[in-house]
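Visitor: Please show me the model, and let me ask about its inner spaces, its ligand and its strands in turn.

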Amino acid sequence: MNFIGSKYLKENDQKSMNIIKTFDDYQQQYQRSIENPEAFWSDVANDFVWRKGWEKVLEWDFHNAAAKWFIGGKLNITENCIDRHLPTRANQTALIWEPNDPKETSRYITYQELFERVCQVGNMLRAHGIKKGDRVCIYMPMVPELTYALLACARIGAVHSVVFAGFSSGSLVDRINDSGCRMVITSDGAYRGDKKIGLKSIVDEALLKCPTVEKTIVLERTQTRVVMKPERDFWWHDEISKASTNCPAEEMDAEDLLFILYTSGSTGKPKGMVHTCGGYMVYTNYTFRTAFQYQDKQVYWCTADVGWITGHSYIIYGPLSAGATTVMFEGIPSWPDMGRFWHVIEKHRVNIFYTAPTAIRSLEKAPLSFVDAYELSTLKILGTVGEPINEEAWHWYDRNIGKGHCPIIDTWWQTETGGFMITPIANVTKLKPTFATLPLPGVQPAIMDERGNEVTENGVEGRLTIKFPWPAMARTIYGDHQRFRDTYFSTFPGKYFTGDGCKRDEDGYYRITGRVDDVIIVSGHNMGTAEIESAIDEHSAVCETAVVGYPHDIKGQGVYAFVICYDKPHEEDKLRQEIREMVAKIIGPIAKPDKIQFVSGLPKTRSGKIMRRILRKVAEGDVSNLGDTTTLLDPAVVDEIKAGAL
Ligand code: WTA
């Protein structure tokens, strides 16, 4: 291997240029990142192993939704996540795996073992004809083999597309077909608390409609009976036993695809966000080290699922590229009891704990004895992500988990941004509850007013945009650059529009207020209201539907559906149940509506547009002031809807 990053061998004293220890450092580096972004990012990128150095740091044009980083650079991200650590960390634990059932044994995977397993899986994929550029769908539970599968794809240059194992076969079909996957890697089943879910049978159903998939590899996890289709389906354990532990890494261009990950939009089908190798690697590593101030040998635990961007960036790529010890948890916070998270922290002596507000809110409802039963004194830093954290949850987390001495790192970012954007830096940034605080170096936010102008002063509120590229930004929507441009770069020409509302206070601190489009965030999962509506409309009794979000104590937002049926339903509860099942089948259980109100009409303008503003108010239970309803085609429907509100 020809290592270009000259500093890599002195790994422990690397990154001196861009280490932030004080608020002054932050301000200086922020300033430099704005004045000379190319020099700034070039220094950060120099700390990696490149097969060939880049010729140019950045080319961009937001009017065409374009950005390229480290142009001409060649690398393989797995050499940075694994190989380069072997001289110093071969025996250090890379991955701690905590199973769903606490009675099952945890697994500790060293960097050396990670190397061997990833190589074996890489060779297994190659033996089945997978090569650079091919798309591979991964639909698996949170087991170490999932990490091996992602990294193995990256090693041989295949593009992984992970689909969260809670999605239904319908969602799987859409995602597989959209990116034309050649292979699916799955398992017989998955454990989820006291439940078992048959993943392979969901894949079987999906594959009836996926002509591009030639083969599947099936990991045995739950000993669930499965049907193996000859020539198409292969057992992981059979194939892996034939594979060698040496798998030369494919040389990738910095701008070659690393992965596709689907996210919901306000309209239509999910968008396959495309991330590329070089910029994503540099950025996830930098942001992980900086925001959490990760110190060598610390145990870090992010509770997300690898099916979401948080798992990609901050269970796998960021921590492993930084040589960290990262925990991967298969289970759920509430099983066998509400103390599970705290038990895991005690058991693995976790130092940095990163979770979602929805988890905090549900655990907050349990008696404190579940927390107090465990030793949490190893904790140094807490994190949160996925939705705005409410004040009460923030203080509960601070007081009961951090015991008042662990900074809460409220990281604002998105699938599209690849990594943290606005976040405190642990022990550097002064915190304010519920504020994501300040942009990281390299991130240039701009708040836009109603008329589309940037507001530059403090003490303002508006829509959050980013006006300069950062290395991990998504490059496009797979197969649909026009949609990428329309969705993110047309609302405010020349700027990336996040879809979020935001306040900037007198100190210049940012507080994210939530989505301003038709995306709702339920238990930290993004969902397009249009997606749920079309799933409900599949029910033969349903004529038309409008879905909105409403504030929910634990989930953050709940799903409220207003449904018009062809005939007035006789048994409303039975129909509700059928509709919920329908949504679970088409999208997945996470999208099931919490409330379904049957109505005879929807508030539409004369041009036929549903006035969602009114429906949101009704769903929120705030019907006193619905604003102007005179432009409605039939203002009477509003009274009916108000009267029937749930
Ligand atoms: C929301 C998750 C407030 C936001 C990484 C964003 C947040 C969407 C925060 C992206 C936060 C994420 N405070 N809101 N700290 N983090 N969000 O793509 O609305 O699943 O646009 O990425 O989650 O969700 P996604």
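Visitor: How much space lies in the second largest cavity?
Guide: On a 1 Å grid over the protein atoms alone, a cavity is a set of points where a 1.4 Å probe fits but cannot get out. Grid points are joined across faces, edges and corners, and the volume is the space filled by probe spheres set on them. For the second largest cavity of this predicted model, that space comes to about 30 Å³.

Visitor: At which pLDDT do side-chain atom pairs count in this model?
Guide: Residues are numbered from 1 along each chain as its sequence is written, and side-chain values use heavy atoms, with hydrogens and water left out. The model is predicted, and while totals for chains, interfaces and linings use all residues, local features need pLDDT of at least 70 and side-chain atom pairs need pLDDT 80 or more.

Visitor: How many charged residues are in the lining of the second largest cavity?
Guide: Lining residues have an atom within 4 Å of a grid point, and here they are His128, Ile130, Arg182, Met183, Glu214 and Lys215. Asp, Glu, Lys and Arg count as charged, Ala, Val, Leu, Ile, Met, Phe, Trp, Tyr, Cys and Pro as nonpolar, and the others, Gly among them, as polar. The lining therefore divides, by these classes, into two nonpolar residues, one polar residue and, as the number asked for, three charged.

Visitor: What volume does the largest cavity have?
Guide: The count comes to two cavities of 30 Å³ or more. The largest cavity is lined by residues including Val162, Phe164, Arg175 and Trp308, and by class its lining has seven nonpolar, one polar and one charged residues. Its volume is about 50 Å³.

Visitor: Which element gives the most residues to the lining of the second largest pocket?
Guide: A pocket is an open set of grid points with protein on both sides within 12 Å along at least five of seven lines, and the second largest pocket has a volume of about 900 Å³. Of the 38 residues that line this pocket, the closest to its centre are Thr513, Gly514, Pro551, Gly556 and Gln557. Helices (H or I, at least four residues) and strands (E, at least two) are DSSP runs numbered from the N terminus; among those that give two or more residues to the lining are α13 (357–364) and β30 (556–565). With six residues, the element that gives the most is β29.

Visitor: Which elements give two or more residues to the shell around the ligand?
Guide: The ligand is surrounded by 17 residues, each with a heavy atom within 4 Å, and the closest are Asp410, Thr411, Thr415, Asp500 and Arg515. Among the polar contacts (pairs of N or O atoms within 3.5 Å), a polar side-chain atom of Asn526 lies 3.2 Å from an oxygen atom of the ligand. Taken alone, the ligand exposes 520 Å², of which the protein buries 96%, with areas from the Shrake-Rupley method and a 1.4 Å probe. The elements that give two or more residues to this shell are α11 (309–321) and β26 (510–515).

Visitor: Which strands stand at the edges of the open sheet?
Guide: Two strands pair if DSSP finds at least two bridges between them, and five strands form an open antiparallel sheet in the order β22-β21-β23-β25-β26. One side of each edge strand is left without a neighbour in the sheet, because each has a single partner strand, and these edge strands are β22 (454–455) and β26.

Visitor: Which residue in β23 stands opposite Pro445?
Guide: Strand β21 (residues 445–448) and strand β23 (residues 460–466) pair in the antiparallel sense over four bridges. Opposite Pro445, in β23, stands Ile466.

Terms used: A polar contact is a pair of N or O atoms within 3.5 Å; within protein, one must be able to donate a hydrogen and the other to accept it, and residues adjacent in sequence count only if both atoms are side-chain atoms.
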